[in-house]
Amino acid sequence: HEGEYDKRRNDADLKESALSMDNRIGVAAGRYLGRQILEGELYYDNRLRSRYGASNPEEHYMVGERINFGEAGLSLRVGTDIEDEERVNFSIEGYGRYFYDNSGMPQPREYNQMDGGGEGSIRFRWGKHRLGLHLNFNGVWGMGDLSHYNNLSYGGGLRYTFSTRLIEAEVGADYLRTSIRSMESKKSHNYILPYAHLHFNLGEGAFVPFIELDGEMRGSDFRSLSLENPYLKSGLALDKNWVDYHLRLGAMGEISSKFHYRLTLSLTCSENAHYWYGMNFPEQGDSNYLQFGVAQARRDQLSIGLNLGWRPTSGLLLSWETRASHYKFSAWRGEHKLGGGLPALTSTLKAEYESRRIRIGASARVESVRNWSNLMFMAAPRNGGSEAIFESTTYHLPITIDLRCWFDCRISQAVTLYVEGENLTNSRLYEWANYPLQGIGFMAGVRLTF
């Protein structure tokens, strides 16, 4: 269980309940079958949120609405217990889950879905060489008011790994095919995701240049979107999955166990990236942007990142992580170009001291300006059709600073006392437009280890 039960002052200068609660219960078990293992997990998840992000003091039925997502799932796996001890390793796993939306809505709807899939892999090892093959399938079947929606993806890939004292290399590729059916259409897409990770140890660990090329696919079904943004419009599902292609060049290393660094230049090209925007429906008496819609379009990101760590004594670690990015946003809704909601610069400075009984530290995170779009619609969206938009505004966030601190005291092997402070400057922080996060706050408690 994890929860926040405060009232937060929103942009309308009203204090609304900002309930945020995550509950999980489950059981996991395994049984050895010689050198193999059979293991599984049965669980239930529940996520509660409140739509508190009002920007207009006028009353509306959706202000304070309780968002309630539930999920029950089962996963099973059989395969090699400790990999690389055998010349042949294998794994077969499968899962199934039921996801539902039980949020409060003016008209009862059933936005539910069933997910299921699995993956099988086999890996061969001989000397310094490894060869792997994997096949996978993932399916989403909408239910109730989402019965018109299916999202299926399947494919496979190869991996070859080779390692010596100077070089660690893993290369291969994945093929993925998607078949997505919505109310308007049925579309299939094919993707090739290259994979190449090359690390060159040229200085006994002090200087390791690297080249990394890979890709990934993210789902665009209702469950996946709700995990990305819980304040989305209920029942939202898209007809294309998000696909990223990453290229990273850089160097990293550790010098005399006191100093480590990582410098990275990266390029990410995204197909069907998600652009979230606030939604407003004045014809329904809604003058607040309490729900989010999402558009899909290409997004390119060129970044340079630097991570530094220095340990002047065995217990003290000073670190600095910073990244500067240039984005090319290309999403439009009607005649309005959408903001990406991402900062061009993020930087985190951290200091932490740890001994046998205590741990104390502080961090400061700075984010540059961010811009989202808020759209006012003539009418509520109907089945993904085109709606007239007669106003678009930019939700602008200035530079923010998040200052935190923490202190742990270990009383015994089983008992640790802790105190944590968050947002010590009481800044106006946001994860999503219109929804301010908690102001200055403190938490104290006991950790028990059994």
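Biologist: In which loop is Glu204 found, and is this residue buried or exposed?

Modeller: In this predicted model, Glu204 is found in the loop between β12 (186-200) and β13. With a relative accessible area of 67%, Glu204 is exposed, because any value over 50% is read that way. The backbone deserves attention as well, since the phi of Glu204 is near 55 degrees, a positive value in a residue other than glycine.

Biologist: What is the phi of Asn272, and where does Asn272 lie?

Modeller: Asn272 has a positive phi near 60 degrees and is again a residue other than glycine, but Asn272 lies in strand β15. Its relative accessibility is 12%, so Asn272 counts as buried, the limit for that label being under 20%.

Biologist: Which residue of the hairpin of β4 and β5 takes a positive phi?

Modeller: That residue is Gly34, with a phi near 70 degrees, in a hairpin that has two residues between the strands.

Biologist: How many bridges join β4 to β5, and how does the pairing go on from β5 to β6?

Modeller: Strands are read as paired when at least two bridges are found between them. Here 14 bridges join β4 (residues 20-33) to β5 (residues 36-50), and the two strands run antiparallel; within this pairing, Ala28 stands opposite Glu41 of β5. From β5, 15 bridges lead on to β6 (residues 66-80), once more in an antiparallel arrangement, and there Tyr43 has Gly73 in β6 as its bridge partner.

Biologist: Which residues have the most contacts inside the largest nonpolar core?

Modeller: The general idea is that, in soluble globular proteins, nonpolar side chains tend to be buried together. In this model the largest nonpolar core has 28 residues, and those with the most contacts inside it are Phe222, Tyr231, Leu232, Trp276 and Phe292. The elements that give two or more residues to this core are β6, α1 (222-228), β16, β23 (389-397) and β26 (430-432). Another core, of 15 residues, lies apart from it and includes Tyr277, Tyr327, Phe329 and Ile389.

Biologist: Which residues make the nonpolar surface patch, and which element gives the most to it?

Modeller: The patch, of about 690 Å², is made by Ile211, Leu213, Leu247, Leu249, Leu263, Leu265, Leu267, Leu302 and Ile304. Two or more of these residues come from each of β13 (208-218), β14 (242-255), β15 (259-280) and β16 (291-313), and β15 gives the most, with three residues. Leu213, which lies in strand β13, is a useful case to check: its relative accessible area of 31% makes Leu213 partly exposed, and Leu213 can therefore be counted in a patch, for which the value has to be over 30%.

Biologist: Where is Leu338 found, and is Leu338 buried or exposed?

Modeller: Leu338 is found in the loop between β19 (336-337) and β20 (345-354), yet Leu338 is buried, with a relative accessible area of 3%. The C-alpha atoms of Leu338 and Ser373 are separated by 5.6 Å, although the two residues are 35 residues apart along the chain.

Biologist: How many disulfides does a search of the whole structure find, and how far from Cys405 is the nearest cysteine sulfur?

Modeller: A disulfide is a covalent bond between the sulfur atoms of two cysteines. The search of the whole structure finds zero disulfides. Cys405 is in no disulfide, and the nearest cysteine sulfur, that of Cys409, is 16 Å away, whereas a disulfide requires the two sulfur atoms to be within 2.5 Å. Cys405 itself counts as partly exposed, at 29% relative accessibility.

Notes. Residues numbered from 1 in each chain as written. Predicted model: local features only at pLDDT ≥ 70, side-chain atom pairs only at ≥ 80, totals over all residues. Heavy atoms only, no water. Patch = residues over 30% accessible without salt bridge, like charges linked within 9 Å, V, L, I, M, F, W, Y side chains within 5 Å. Areas by Shrake-Rupley, 256 points an atom, 1.4 Å probe, with all protein chains shown as cover. Salt bridge = Lys/Arg side-chain N within 4 Å of Asp/Glu carboxyl O. Helix = DSSP H or I, 4+ residues; strand = E, 2+ residues; numbered from the N terminus. Buried < 20%, exposed > 50% of the residue type's maximum accessible area, 1.4 Å probe, protein only. Core = buried A, V, L, I, M, F, W, Y, C linked by side-chain atoms within 4.5 Å.
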